[in-house]
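Reader: I am new to this structure and would like to learn how to read its features. Where do we begin?

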Amino acid sequence: MLAPDIEVVEQIPSFLLTQGRIDYDGRPIFGFSSEFLVENLMSISKDIEIIPAHSWTPWFGIFGSMSGFNSLKEAFGDKMKNIHAIETGMSSNPEMNWRLSELNEKTIVSFSDAHSFHPYRIGREATIFNFKNTEEINYKEIIKQIRNNEILGTIETDPAYGKYHYDGHRDCNFSCSPAESKKLNNICPICKKQLVIGVENRVEELADRPIGFKPDNSKPFHQILPLQEIIALLNNSAVTSKKVLEKYNEFIFSLGNEFYILLNAEKEKLAKFMEGRLVELILLNRQGKLKVKPGYDGEYGKAIMPEKQAKLF
């Protein structure tokens, strides 16, 4: 939920307190409908923007396999007109969302949760707005670009990197593709219980367009893995390790912000501050050529060292 000023922001929890408790873990659960939420927020201010977040996550995403909804219409009813955008989440990208004709007139945005205590998780996904300089940035224009699909595009992680891309059971250390799930009748071969159905499977279930369909009003997107993941891949170490963080900070200090390094910095400039093997991985990442072992049931996907690169190294 985006709001234009602090006065409007303060009215949102005031409304929520009339419906129950909000002192849980930052994600309280209420018993009212999505339609009721939209109706009441619009009564506070028409300038509030409501965007279904991580739209395909199994339990809490609007299209999730356990959400109870198969469409925006089912979830929001006639209040669907107040929903101008959906957020892809880490386990899907715009290309996957283009397969739903219901989203024709919706802007596809991408954001990262800001509540993690791991700095590398902030900003992994982003929306690119159309501003010439920082002086032009204001709430009214941001909302206008979202509502009219005037954004320039998005920055996405590989959907396989997300926690819920494939089907599986984390406790059983088992994951599989949608095709394999079908053969298993969605039953885990380890514990014999229902598999957690991931995003790729769910998209296939709801899609009314073929793979590769591209709407006329689609926006471009970049698909990359975070810099710390690339450093960790090269060093065969945990992304949270001290060594990886030190290297990351060193590159940020020397080269600038992470998106510049991942998307725009020339090969020659990168080579001045980092070893050749890392430069090659960054360039492969930029081209979408790094493979990822898909995440499932709350487990992040893992980048895989390219076979050719491994031989060279």
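Author: With empty space inside the protein. The model is predicted, and it holds 1 cavity of 30 Å³ or more.

Reader: How is empty space found, and what is the volume of the largest cavity?

Author: Rolling a probe the size of a water molecule over the atoms shows where empty space is left. Here the largest cavity has a volume of about 140 Å³. It is lined by 20 residues, and those closest to its centre are W98, K106, I108, S218 and K219.

Reader: Which helices and strands each supply at least two residues of that lining?

Author: Helix α4 (94–97) does, and so do the strands β2 (107–109) and β4 (153–156).

Reader: Now the pockets. How much space lies in the second largest pocket?

Author: The second largest pocket holds about 310 Å³. Its lining has 15 residues, with M96, R99, H165, E200 and I211 nearest the centre. Both α4 and α7 (199–206) supply at least two residues of this lining. The largest share, 3 residues, comes from α7.

Reader: How do I read a salt bridge, and how many salt bridges does a search of the whole structure find?

Author: Side chains of opposite charge can pair when their charged atoms come close. The search finds 9 salt bridges in the whole structure. In one of them, the side chains of E49 and R147 meet at 2.5 Å, N to O. E49 lies in the loop between α2 (34–44) and α3 (72–76), while R147 lies in helix α5 (residues 139–147), so this pair ties together parts that are 98 residues apart in sequence.

Reader: Which residues gather in a patch of negative charge on the surface?

Author: That surface patch is made up of D5, E7, E10 and D47. Of these, E10 lies in helix α1 (residues 6–17).

Terms used:
Residues are numbered from 1 along each chain as its sequence is written. This is a predicted model: local features need pLDDT of at least 70, side-chain atom pairs count only at pLDDT 80 or more; totals for chains, interfaces and linings use all residues. Side-chain values use heavy atoms; hydrogens and water are left out. Patches are made of residues with over 30% relative accessible area and no salt bridge: like charges are joined within 9 Å, nonpolar side chains (Val, Leu, Ile, Met, Phe, Trp, Tyr) within 5 Å. Accessible areas come from the Shrake-Rupley method with a 1.4 Å probe; for residues, only the protein chains shown count as cover. A salt bridge is a side-chain nitrogen of Lys or Arg within 4 Å of a carboxyl oxygen of Asp or Glu. Lys and Arg count as positive and Asp and Glu as negative; His and the chain ends are not counted. The place of a charge is taken as NZ of Lys, CZ of Arg, CG of Asp or CD of Glu. Helices (H or I, at least four residues) and strands (E, at least two) are DSSP runs, numbered from the N terminus. On a 1 Å grid over the protein atoms alone, a cavity is a set of points where a 1.4 Å probe fits but cannot get out, and a pocket is an open set with protein on both sides within 12 Å along at least five of seven lines; lining residues have an atom within 4 Å of a point. Grid points are joined across faces, edges and corners, and a volume is the space filled by probe spheres set on the points.
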